[in-house]
Amino acid sequence: MEITGETRLVALLGDPVGHSLSPRMHNTAFAHLGLNYVYLAFRSNEAELPAAVAALRALNAKGFNCTMPLKKAILPFLDDMSPAARMIGSVNTVTIEDGRLIGHNTDGTGFIHDLHNHGVEVKGTRILIVGAGGAARGLCVQLALDGAAEIVIANRSLEKAQSIRRLIASHIPACKVEAIQLSQGELAPRIAEADIFTNTTALGMHPHEEACVIPDSSLLRPSLVMTDLIYIPGKTVFLKLAEEAGCTAINGSGMLLWQGAEAFRIWTGQDMPVELVRKKVFPDN
Ligand code: NAP
């Protein structure tokens with residue numbers, strides 16, 4: 001794509017951003033569809049956020065993504081939010097419409113879209129989620145909104161899991177939700193009851209590549225769908241154990257692609273060519 005006087009900017013704000021795959025994803029899609037946008041990453045911390053937002057607004061940017069540590073820090077700058085983002089309390093995608101900033105959260109929808117892409121529907125299912133950080137919060141809200149029958153959240157710090165439990169129980173009472181302490185004793189019966197078992201902790205990612213929330217595959221069964229939000233490495237110990245037990249094993253690369261595709265649609269109104277982008281960004285996947 002040639003940059004012209006009409007090219008619109010879409011940005012990524014966060015710190016760090018140098019490792020981000022989002023510029024490759026979005027610029028590949030803009031070029032393929034002939035859309036006159038360019039996506040650039042700008043390292044920006046909380047102290048720099050007011051100036052960064054003012055600059056993007058003044059420069060008529062189309063919008064931006066927010067990543068760590070800005071997903072909550074951006075909230076006071078927004079003029080409006082999608083209902084799900086408001087409930088989750090964090091935003092990863094912003095559009096700028098006539099100078100007004102509208103916030104969205106596409107992490108949960110990206111996760112569910114990827115499950116759908118693997119032939120897994122969440123409506124009526126029982127889901128066991130390990131971890132209760134920012135990503136887990138987005139996933140739980142979207143899973144509950146999309147009709148999951150039951151969510152069990154297991155976390156090292158029980159209070160964080162309880163906070164998500166209270167949020168779901170008060171806003172989406174049709175979904176049964178429980179918070180438990182992360183321990184092998186507590187997990188075992190929950191694994192037996194779950195349809196989908198998801199790791200949202202950093203266990204399995206550098207520098208914890210050999211770590212896993214379960215010790216072995218003895219509690220797993222082939223009908224279980226196991227997903228890990230981690231995408232580097234592409235196959236964590238969690239997913240290796242899943243494969244060993246004959247489970248469906250899904251890593252975080254699809255979630256990353258689909259959360260980006262959702263943001264792309266919000267900015268451009270068009271569908272991202274996801275398979276083409278996948279080949280470019282994850283050639284070995
Ligand atoms: P976060 O807010 O920092 O939460 C981290 C979670 O991991 C917390 O629940 C924490 O438990 C738990 N944890 C960390 N170290 C642990 C340990 N040694 N033992 C047990 N639990 C541990 O992070 P996040 O934003 O939710 O991200 C979580 C993961 O998802 C990261 O690996 C991130 O890269 C990945 N992610 C992937 C995508 C994607 O598109 N694929 C999108 C977002 C995030 P405590 O609460 O007890 O500290």
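## Nonpolar cores

In this predicted model, the largest nonpolar core comprises 32 residues, and those with the most contacts inside it are F111, L115, I129, L143, I151, I153 and I168. Two or more residues of this core come from each of helix 3 (83–88), helix 4 (107–117), strand 7 (126–130), helix 5, strand 8 (150–155), helix 6 (158–171) and strand 9 (176–181), and helix 5 supplies the largest share, with six residues. In soluble globular proteins, nonpolar side chains tend to be buried together.

L143, one of the residues with the most contacts inside the core, illustrates how these parts of the chain meet: when its neighbours within four places in sequence are left aside, L143 is in contact with F111, I112, V122, I127, I129, A148 and I151. Apart from this core lies another, of 22 residues, which includes M25, W258, M272 and V274.

## Surroundings of the ligand

The ligand is surrounded by 21 residues, of which A132, A135, N155, S157 and K160 are the closest. Sorted by class, this shell holds 11 nonpolar, eight polar and two charged residues.

Several backbone atoms approach oxygen atoms of the ligand. For A132, a backbone N or O atom lies 2.8 Å from a ligand oxygen, while a polar backbone atom of G134 is 3.0 Å from an oxygen atom of the ligand, and for L256 the separation between a backbone N or O atom and a ligand oxygen is 3.4 Å. Of the 920 Å² of accessible area that the ligand has on its own, the protein covers 75%. The elements that contribute two or more residues to the shell are helix 5 (134–145) and helix 9 (253–268); helix 5 thus appears both in this shell and in the largest nonpolar core, to which it gives six residues.

## The setting of S82

S82 is found in the loop that runs between strand 4 (80–81) and helix 3, the latter being one of the elements that give two or more residues to the largest nonpolar core. With a relative accessible area of 17%, S82 counts as buried, because the limit for that class is under 20%.

A polar atom of the S82 side chain lies 3.1 Å from the backbone nitrogen of A85. If residues up to four places away in sequence are not counted, S82 touches G103, H104 and N105.

Key: Residues numbered from 1 in each chain as written. Predicted model: local features only at pLDDT ≥ 70, side-chain atom pairs only at ≥ 80, totals over all residues. Heavy atoms only, no water. Near = heavy atom within 4 Å. Polar contact = N/O pair within 3.5 Å; in protein donor to acceptor, adjacent residues only side chain to side chain. Areas by Shrake-Rupley, 256 points an atom, 1.4 Å probe, with all protein chains shown as cover. Helix = DSSP H or I, 4+ residues; strand = E, 2+ residues; numbered from the N terminus. Nonpolar A, V, L, I, M, F, W, Y, C, P; charged D, E, K, R; others polar. Core = buried A, V, L, I, M, F, W, Y, C linked by side-chain atoms within 4.5 Å. Buried < 20%, exposed > 50% of the residue type's maximum accessible area, 1.4 Å probe, protein only. Contact = heavy atoms within 4.5 Å.
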